[in-house]
Amino acid sequence: KNKLTMKEAAVQALVAKPLDREALLKAVQKIGYKFTAKKPLNSLSTLLYTDKAFKNTDGKFSVGK
């Protein structure tokens with residue numbers, strides 16, 4: 001069981017600097033988030049593109065203020 005939600009892990013990973021999807025996926029997994037999906041990048045992408053907390057600038061995501 002994950003201690004953090006996917007969103008919490010993504011926000012934590014993006015605090016330091018904006019990341020592209022692949023780098024963010026690695027960072028989220030490094031934090032300890034375990035994906036159950038066969039294609040974790042798809043799950044992460046859905047979160048990034050649907051949640052207004054995330055900003056996309058030239059393919060790099062950051063946490064909006």
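# Reading helix packing and burial in a predicted model

Q: With which residues is leucine 24 in contact, once its neighbours within four places in sequence are left aside?
A: Leaving aside those neighbours, leucine 24 is in contact with Ala10, Ala13, Leu14, Leu19, Leu44 and Leu48. Please keep in mind throughout that this is a predicted model.

Q: How should I read such a cluster of side chains, and which residues have the most contacts inside the largest nonpolar core?
A: In soluble globular proteins, nonpolar side chains tend to be buried together. Here the largest nonpolar core has 18 residues, and those with the most contacts inside it are Ala10, Leu24, Val28 and Leu44. At least two residues of this core come from each of H1, H2 and H3, and the largest share, 5 residues, is supplied by H1.

Q: How is the packing of two helices described, and at what angle do H1 and H2 pack?
A: Two packed helices are described by the angle between their axes and the distance between the axes. For H1 and H2 the angle is about 110° and the axes are 9 Å apart, and these two helices are therefore roughly perpendicular to each other. On the H1 side the contact is made by Ala9, Ala10, Gln12, Ala13 and Leu14, which meet Leu24, Ala27, Val28 and Ile31 in H2. Sorted by class, the residues of this contact are 8 nonpolar and 1 polar, with no charged residues.

Q: At what angle do the axes of H2 and H3 cross, and which residues meet there?
A: The axes of helix H2, residues 21-31, and helix H3, residues 40-50, come within 10 Å and cross at roughly 105°, which makes H2 roughly perpendicular to H3. From H2, the residues Arg21, Glu22, Leu24, Leu25 and Gln29 meet Pro40, Leu41, Leu44, Ser45, Leu48 and Tyr49 in H3. The residues of this contact divide into 7 nonpolar, 2 polar and 2 charged.

Q: How do I tell whether the buried residues of a helix line one face, and what is the case for H1?
A: The way to read this is to look down the helix axis and ask how wide an arc the buried residues span. In helix H1, residues 6-14, the buried residues are Met6, Ala9, Ala10, Ala13 and Leu14; seen down the axis of H1, they fall within an arc of 130°, so they line one face of the helix. What covers these buried residues includes H2, H3, strand S1 (54-57) and strand S2 (60-63).

Q: Which residues of H2 are buried, and which exposed residues lie on the face turned away from them?
A: Leu24, Leu25, Ala27 and Val28 are the buried residues of H2, and because they cover an arc of only 165° around the axis, they are on the same side of H2. This buried set packs against H1 and H3, whereas the face of H2 turned away from its buried side carries the exposed residues Lys26 and Lys30.

Q: Which residues are buried in H3, and which are exposed on its other side?
A: In H3 the buried residues are Pro40, Leu41, Leu44, Ser45, Leu47 and Leu48, and seen down the axis they fall within an arc of 160°, so they line one face of the helix. They pack against H1, H2, S1 and S2, while Tyr49 and Thr50 are exposed on the other side of H3.

Q: Is phenylalanine 61 buried or exposed, and with which residues is it in contact?
A: Phenylalanine 61, which lies in strand S2, counts as buried because its relative accessibility is 1%, the cut-off for burial being under 20%. Apart from neighbours within four places in sequence, phenylalanine 61 is in contact with Leu14, Pro18, Leu19, Arg21, Leu48, Tyr49, Lys55 and Asn56. Phenylalanine 61 and alanine 10 are 51 residues apart in sequence, and their C-alpha atoms are 9.7 Å apart in space.

Q: How should I read a positive phi, and where does aspartate 58 lie?
A: Most residues other than glycine have a negative phi, and most peptide bonds are trans. Aspartate 58 has a positive phi of about 55° although it is not a glycine. Aspartate 58 lies in the loop between S1 and S2 and is exposed, with a relative accessible area of 80%.

Note on methods. Residues numbered from 1 in each chain as written. Predicted model: local features only at pLDDT ≥ 70, side-chain atom pairs only at ≥ 80, totals over all residues. Heavy atoms only, no water. Axes fitted to C-alpha atoms, helices over the stretch in contact; angles between N-to-C directions. Helix = DSSP H or I, 4+ residues; strand = E, 2+ residues; numbered from the N terminus. Parallel < 35°, antiparallel > 145°, perpendicular 65-115°, else oblique. Contact = heavy atoms within 4.5 Å. Nonpolar A, V, L, I, M, F, W, Y, C, P; charged D, E, K, R; others polar. Buried < 20%, exposed > 50% of the residue type's maximum accessible area, 1.4 Å probe, protein only. Arc of directions from axis to C-beta. Core = buried A, V, L, I, M, F, W, Y, C linked by side-chain atoms within 4.5 Å.
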